[in-house]
Amino acid sequence: MPILAPIMLRVRALTRPGLAPVDLDLTAGEAVALLGPSGSGKTLLLRAIADLDPNDGEISLEGQNRSTMPAPVWRRQVTYLAAEPGWWASNPAAHFADPDAARALLPRLKLNPALLDKPLTELSTGERHRIALVRVLIQEPKVLLLDEPTSGLDQDTTRAVEAVLRDHLAHGAALLFSTHDEELAARLAGHRVRLAGGRVSVGETEAAS
Amino acid sequence: MTASYLALSWLDLAIAASLILLNGALSVWLNLKLERQFLIAAVRMCVQLGLMGLVLKALFALVSPLLTGLAVLVMILFAGHEIMSRQERRYRGPWAYGLGTGAVLFAGTLVIVFALVTQIQADPWYHPRYAIPLLGMILGNTMTGIAIGLNTLTERIARDRAAIETMLALGETRGTARRPLARAAIKKGRIPIVNAMSAAGVVSLPGMMTGQILSGVEPIEAIKYQVLVMFLIAGGTGIGVVLAVHAGAARLTDARHRLRLDRLETA
């Protein structure tokens, strides 16, 4: 186990309504899967780490406390991607500062680069979700907080998403993701954290396979 | 003023009231069951305006700054209450009443004092014969603008929640995330007064000007007054809407750049 790697994200006694205090460490290059039934608190935990809802606890990134930096600075480095991401313009390209950089990444996620200029309403849920993932990855955050990144995708596409995520891990990013896909969790994640009823079920934090 | 002013007798009013009765009869005949609503509104208007007439008569006789100020305050508090009751999603706690009331209080007071001191110049400047009717026109329109603006803001923020939170999650500031919504809400709140100014004289003859012409004022003089009042209304509405929407949008985000829909009551 890569015990010697420095801790990138350190979470201590993080709590919010609906979530019992959580302790969690993520090292650079590490992926941790959040498992548990719907309503068990996976999304609440991810949103709390991103500071999108009022929460209490100690969180630091590479030793720097979250409370010492403005929320937008924190979220550019510790970025949350919702299970149903939002859009504010009529086509995907308008959501990127550099649409060409996004186009270059699309084929790796089994997407046609031309999709970026189509109206959003003509894209499928799965296509929109992968484009939203590109929107996050392109900012190169240090910690990725992904809410069900592969839900609704077929096996091939899931593998493609997985490969892109592995790339980012190899470049030193850390990943915390929720999923219902046990196989994906086993393949990608060094640790699996199980949530039930808004708390981490003790003793089920499993070591890397 | 000339002698062309024609006073109305009570009989004249009774004859005009026959139109209300006619409509009531129509409703009964067509089985619309709308006669009650129509009649109640008409009676309400008579009672409210009758009371207003008595209040104005007393105020004009006394010309007291204290009593005039009190009347102004009561009007503003009613306007605030009306704004609140027109909201589909209210703010929790004192903000529900305070937000709209604060905005209408600030905008209304600012514009009416500005007008009375610099343009109307009555003697004394707070003379209720000028202050009360002018404020009434400013408040009515400012209130409508604020109510529409806030309603649009809260409705759009709730509807576009995913988009706003995605922007915030990507590291945008709350100011960037809420700007398009605030702009849409301000634009919508100002539509009635923009329309009123655009249509004035072409489609509609504004009520105040018509009233002055009926009472014998020269058309050009009446129009000058109307233009002044339109400017006051536009100023009051613009300031009130910008203030209410900005304060309302700020209240729905916090210092950690979060969207705080929990500060709205659940619709």
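Trainee: What are the domains of chain B in this predicted model?

Mentor: Chain B is split into domain 1 (1–62) and domain 2 (64–263). The C-alpha centres of these two domains of chain B lie 28 Å apart.

Trainee: How do you know that domain 1 of chain B touches domain 2 of chain B?

Mentor: Check the contacts: two residues count if their C-beta atoms lie within 7 Å. By that test, nine residues of domain 1 of chain B meet nine residues of domain 2 of chain B. On the domain 1 side, seven are nonpolar, two are polar and none is charged.

Trainee: Now the helices. Why is H3(B) called oblique to H4(B)?

Mentor: Helix H3 (residues 65–85) and helix H4 (residues 95–120) of chain B pack at about 135°, with their axes 8 Å apart. Roughly perpendicular covers 65 to 115 degrees and roughly antiparallel needs over 145, so an angle that falls in neither range, nor under 35, is oblique. That angle therefore makes H3(B) oblique to H4(B). Their crossing is right-handed, by the way.

Trainee: Which residues make that contact?

Mentor: From H3(B) they include B:Ile76, B:Leu77 and B:Gly80, and from H4(B) they include B:Tyr97, B:Val104 and B:Gly108. By class, the contact has nine nonpolar, four polar and no charged residues.

Trainee: What makes B:Gly80 and B:Gly108 polar or nonpolar here?

Mentor: Gly is counted among the polar residues in this scheme, so both go in the polar group.

Trainee: Over to chain A. What makes S2 and S5 of chain A the edge strands?

Mentor: The open sheet has four strands in the order S2-S1-S4-S5 (chain A), with antiparallel pairing. Strand S2 (19–27) and strand S5 (64–65) of chain A each pair on one side only.

Trainee: How do you know that S4(A) and S5(A) count as a pair?

Mentor: Pairing needs at least two bridges, so count them. Two bridges join strand S4 (residues 56–61) of chain A to S5(A), and the two strands run antiparallel. As an example, A:Ser60 has A:Asn65 of S5(A) as its bridge partner. Helix H1 (residues 42–49) of chain A packs on this sheet, touching S1, S2 and S4 of chain A, and its direction makes about 115° with that of S1(A).

Trainee: How many residues of chain A and chain B are in contact?

Mentor: 18 residues of chain A are in contact with 15 residues of chain B. On the chain A side, the largest share, four residues, comes from H2(A). By class, that side has nine nonpolar, three polar and six charged residues.

Notes:
Residues numbered from 1 in each chain as written. Chains lettered and ligands numbered in written order. Predicted model: local features only at pLDDT ≥ 70, side-chain atom pairs only at ≥ 80, totals over all residues. Axes fitted to C-alpha atoms, helices over the stretch in contact; angles between N-to-C directions. Left-handed = near helix turned anticlockwise from the far one by under 90°. Domains from an automatic or database assignment.
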